[in-house]
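Open the model in your viewer and keep the selection panel at hand, since each stop on this tour begins with something to select.

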Amino acid sequence: MTNANVGTMQPSEIVFNLRTRPDPLIEDSYMSKPQFFVSPGYGQRFLDELHFSQAVRIGDRVEISGQGGWTDELDIPNQVEEEIAQAFRNVERALALAGANWSHVYHVNSYHVGGFPPEVNTTMTTLFRENMPDNAPIWTQIGVDALGLPKMRVEIRVTAHVG
């Protein structure tokens, strides 16, 4: 089929051709079943109490639930810089469950309570550079009124490609 033929084809023929010729970039995702991962400690607690997993892998794509700066006991550090650093460690932990690491990350969303004082952006960008020295992911920062635990000020969610 050439591009010239597309104009003479009926819509059902185009759909048929699209279905029989899957895009190789997304074919693996359609053919793979999701694998869910739960980290020991807080991850198991969240699964038991709130019924969600820490990470999912479909083919070469890994997505994680938002990770706060909590410990296994769900304690939150007093300093926002340490909370962000702990959230980065929790992201790393969730990625590892699914066979990924920070070098595979290409998309970051971060959620922040209390605005964006200089120490927030300084800490985030310093940790981006330390954890992903060879790539700069796309990043969206979102200011919110509240997060999942009362003392939380930051939550980080990432998407990674391990192929």
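Begin with the whole chain coloured by secondary structure: the protein has six helices and seven strands, where helices (H or I, at least four residues) and strands (E, at least two) are DSSP runs numbered from the N terminus. Followed along the sequence, these elements come in the pattern α-α-α-β-α-β-β-β-α-β-α-β-β. What you have open is a predicted model, in which local features need pLDDT of at least 70 and side-chain atom pairs count only at pLDDT 80 or more, whereas totals for chains, interfaces and linings use all residues. Residues are numbered from 1 along each chain as its sequence is written, and side-chain values use heavy atoms, with hydrogens and water left out.

Next, switch on the surface, of which the protein exposes about 9700 Å², with carbon and sulfur atoms supplying 54%; accessible areas come from the Shrake-Rupley method with a 1.4 Å probe, and for residues only the protein chains shown count as cover. Of the 163 residues, 36% are buried, that is, under 20% relative accessible area, while exposed means over 50% and partly exposed lies in between (1.4 Å probe, protein chains only). Among contacts (heavy atoms within 4.5 Å) with a separation of 6 or more, 70% are between residues 24 or more positions apart.

Now display the aromatic side chains. The structure holds seven aromatic pairs, a pair being rings of Phe, Tyr and Trp (its six-membered ring) whose centres lie within 6.5 Å, with planes under 30 degrees apart counted as stacked, over 60 as edge-to-face and the rest as tilted. Select F88 and F128, a tilted pair with 5.8 Å centre to centre and 55° between the planes. This pair links distant parts of the chain, since F88 belongs to helix α5 (residues 80-97) and F128 to helix α6 (residues 118-131), 40 residues apart. F88 is buried at a relative accessible area of 3%, and F128 is buried at 9%.

Keep F128 and add W139: these two form an edge-to-face pair, 4.7 Å centre to centre with 85° between the planes. Because F128 lies in helix α6 and W139 in strand β6 (residues 138-144), the pair ties together parts that are 11 residues apart in sequence. W139 is partly exposed, with a relative accessible area of 27%.

Stay on helix α6 and select T123, which is found there. Which residues does T123 touch, not counting those up to four places away in sequence? The answer is E81 and I84, and T123 itself counts as buried at 13% relative accessibility.

Finally, select Y42, F46, F52 and W70, which form one aromatic cluster.
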